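Let's take a friendly walk through a protein together. Have a look at the picture first, then read on.

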Amino acid sequence: MTLHKWCTNLSPTTAQEEFLLDRNSEEIQVRTPGMIWNSERLPPDISQQWENFIKTLPVLEKIKVPRCFLKISAISVVLHGFADASSKTYGAVIYMQTVSIAEESNCQLLCSKSHVAPTKLVTIPRLELCACLLLSKLTRKVISALNMQTESVRFYIRSCVD
């Protein structure tokens with residue numbers, strides 16, 4: 001899939017005028033072609049929910065996501081991979097566990113991937129195998145991207161086969 005710029009059939013000046021949303025303005029108004037939506041024309045309960053949502057937006061700026069996975073004093077790195085499936089989807093997730101010199105353990109979500117199950121009827125055990133394959137491919141990419149020595153890699157699956 002090739003990426004391209006977002007395009008619209010509106011002229012640049014029209015697009016800039018109609019899609020402005022200033023959270024500091026008194027009147028909250030979102031315009032889309034052919035429709036004007038503002039808080040005064042909404043039912044009172046939805047209008048109140050919308051106003052509460054707008055008031056909470058500045059809180060999002062305070063959210064901090066830790067980006068550093070490895071501590072300087074880490075002596076071992078273990079990757080933990082989980083795979084599971086249901087009738088509608090299957091997925092995999094990898095966590096990285098680091099142990100420091102002071103024997104403090106830290107475990108963080110490293111990455112995940114999921115797929116929607118095929119529309120053709122597929123058994124749950126087959127979807128579980130698809131999830132395991134997804135986990136192994138994801139793990140291979142993670143190990144090559146980390147470019148470092150890991151102590152061990154552990155996989156966990158929940159199989160529905162008795």
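Accessible areas come from the Shrake-Rupley method with a 1.4 Å probe. For this protein, the accessible surface comes to about 12800 Å², and 58% of that belongs to carbon and sulfur atoms. Keep in mind that you are looking at a predicted model.

## The overall plan

The protein has three helices and six strands. If you start at the N terminus, the elements run α-β-β-α-β-β-β-α-β.

How many of the residues count as buried? Of the 162 residues, 22% do. You can also ask how far along the sequence the contacts reach: among contacts between residues at least 6 apart in sequence, 54% join residues at least 24 apart.

## A hairpin of two strands

Now find strand 4 (residues 89-100) and strand 5 (residues 105-116), which pair in the antiparallel sense over eleven bridges. Y95 stands opposite L109 in strand 5. Together the two strands form a hairpin with four residues between them, and E103 in the turn has a positive phi of about 60°.

Strand 5 also holds Q108. Is Q108 buried or exposed? Its relative accessibility is 16%, so Q108 counts as buried, because the cut-off for buried is under 20%. Q108 lies ten residues from T98 in sequence, and the two are 8.8 Å apart in space, C-alpha to C-alpha.

## Helix 3 and what covers it

Helix 3 (residues 124-146) is made of 23 residues. From its first C-alpha to its last it reaches 32 Å, close to the 33 Å expected at 1.5 Å a residue. Just after helix 3 comes N147, with a positive phi near 55°.

Which residues of helix 3 are buried? They are L127, E128, A131, L134, L135, L138, T139 and V142. The cover over the buried residues of helix 3 includes strand 3, strand 4, strand 5 and strand 6 (152-157), so two of these names, strand 4 and strand 5, bring you back to the hairpin.

## A nonpolar patch outside

Finally, turn to the surface, where L60, I63 and V65 form a nonpolar patch. Together these residues have about 300 Å² of accessible area.

Where is I63 placed? Look in the loop between helix 2 (44-60) and strand 3 (74-85). I63 has 55% relative accessibility and therefore counts as exposed, since the cut-off for exposed is over 50%.

Methods: Residues numbered from 1 in each chain as written. Predicted model: local features only at pLDDT ≥ 70, side-chain atom pairs only at ≥ 80, totals over all residues. Heavy atoms only, no water. Pairing = 2+ DSSP bridges. Patch = residues over 30% accessible without salt bridge, like charges linked within 9 Å, V, L, I, M, F, W, Y side chains within 5 Å. Salt bridge = Lys/Arg side-chain N within 4 Å of Asp/Glu carboxyl O. Buried < 20%, exposed > 50% of the residue type's maximum accessible area, 1.4 Å probe, protein only. Contact = heavy atoms within 4.5 Å. Expected span 1.5 Å × (residues − 1).
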